[in-house]
Amino acid sequence: MSNATSSTEKTPSFEMTWGSSTSSGYCSDEESDSEFEQYFTARTSFFPKTQKANVNVDVKKDEQIEWGKQELKTADIQQKVKEYNAQINSNLFMNMNKDGSYTGFIKVQFKLARPVSVPPPKKGGQDAGGRRASGVKRRTSFYLPKDASKHLHISSRTSAREVIEALLKKFTVVDNPGKFALFERSERHDQVYIRKLSDDERPLRLRLCAGPNEKVLSFVLKENETGEVNWHAFSMPELKNFMRILQREEEEHVKQIVQRYALARTKMKEALAGSTPG
């Protein structure tokens with residue numbers, strides 16, 4: 001974190017860069033159930049399609065992982081920081097601290113397929129506690145622009161999980177941090193390699209070891225796709241809404257099956273009526 005304050009280990013400083021408007025989709029909890037459900041089913045499915053596995057070379061994946069496993073002494077870190085700063089053409093330098101740690105900037109790109117939830121703008125009709133008269137907390141959801149990115153000023157001790165939490169806090173996103181994951185991305189030999197960072201990995205350490213080239217290493221914030229939905233990460237209103245969606249999907253599937261069998265039964269009866277015995 002920054003040397004200016006001792007509390008920056010928990011509260012990183014930020015520099016935001018945007019390439020487009022702040023939202024490409026919108027909904028609010030105070031909208032009708034139908035509109036609310038349609039919005040969330042636009043890009044979300046309870047039964048996702050099977051995705052093709054990424055074709056990655058194991059050697060490259062292992063080499064990326066080794067960046068975080070390098071044992072660096074203080075002299076090695078000082079040399080790498082010096083080499084890193086000599087390669088950049090901006091003021092986003094890395095700086096050494098007396099305790100052997102270092103601070104610097106990482107850029108995180110947003111690649112979110114689903115909307116995020118934020119507190120709605122404060123309006124009239126709220127009591128002193130910031131709640132509506134009904135006692136129900138409101139939330140607003142919108143899609144972040146696909147080309148959005150964020151520069152974070154962090155420490156070599158900042159973990160990937162802390163980076164995610166800091167990003168959500170900066171954008172006032174109220175979703176559970178467990179819904180998201182930080183990935184490292186690299187381009188080599190005309191192929192793109194993606195690896196999910198564990199919660200305790202240090203992104204700035206990876207940045208230092210890889211150098212400032214974004215093609216060699218960049219960071220991407222995506223949904224935390226674990227293969228199974230972590231329902232505990234959703235709020236009570238979201239779970240209730242998903243239950244309504246699931247109920248409607250089930251009813252629609254049942255209706256289609258009943259109609260299919262009814263049609264087949266009708267054709268069979270017509271065939272029986274038109275046939276002559278013998």
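Where is H189 found? Hold that thought; the answer comes in point 7.

1. First, some ground rules. This is a predicted model, in which local features need pLDDT of at least 70 and side-chain atom pairs count only at pLDDT 80 or more, while totals for chains, interfaces and linings use all residues. Numbering runs from 1 along each chain as its sequence is written, and side-chain values use heavy atoms, with hydrogens and water left out.

2. Now the overall picture. You'll find six helices and ten strands in the protein; helices (H or I, at least four residues) and strands (E, at least two) are DSSP runs, numbered from the N terminus. Of the 278 residues, 36% are buried. Here buried means under 20% relative accessible area, exposed over 50%, and partly exposed in between, with a 1.4 Å probe and protein chains only. Among contacts with a separation of 6 or more, 74% come from residues 24 or more positions apart; a contact means heavy atoms within 4.5 Å.

3. Have a look at α3, residues 74-87. This helix has 14 residues and spans 20 Å from its first C-alpha to its last, close to the 20 Å expected at 1.5 Å a residue (the expected span is 1.5 Å times one less than the number of residues). Its buried residues are I77, V81, Y84 and N85. They cover an arc of only 95° around the axis, so they sit on the same side of α3; the arc is that of the directions from the helix axis to the C-beta atoms. On the face turned away from that buried side are the exposed residues A75, K82, A86 and Q87. The cover over the buried residues of α3 includes β3 (95-96), β4 (102-110) and α5 (203-210).

4. α5 is mostly covered itself: eight of its eight residues are buried. Among them are R205 and R207, along with L204, L206 and L208. Right after α5 comes G211, with a positive phi near 90°.

5. On to the largest nonpolar core, which has 36 residues. Such a core is a set of buried Ala, Val, Leu, Ile, Met, Phe, Trp, Tyr and Cys residues joined through side-chain atoms within 4.5 Å. I106, V108, F110, V163, L182 and F219 have the most contacts inside this core. Elements giving two or more residues to it include α3, β4, α4 (160-170), β8 (180-188) and β10 (218-223). To see one member up close, try V108: leaving out residues up to four places away in sequence, V108 touches A148, S149, K150, L152, V163, L167, L182, F219, V220 and L221.

6. The structure holds one aromatic pair. F110 and F171 meet edge-to-face, 5.4 Å centre to centre and with 85° between the planes. (Rings of Phe, Tyr and Trp, the last by its six-membered ring, pair if their centres lie within 6.5 Å; planes under 30 degrees apart count as stacked, over 60 as edge-to-face and the rest as tilted.) F110 lies in strand β4 and F171 in the loop between α4 and β8, so the pair ties together parts 61 residues apart in sequence. Both F110 and F171 are buried.

7. Back to the opening question: H189 is in the loop between β8 and β9 (191-196). H189 has a positive phi of about 55° although it is not a glycine, and it is exposed, with a relative accessible area of 63%. D190 is also found in the loop between β8 and β9. Phi of D190 is near 65°, again positive in a residue other than glycine, and D190 counts as exposed at 86% relative accessibility.
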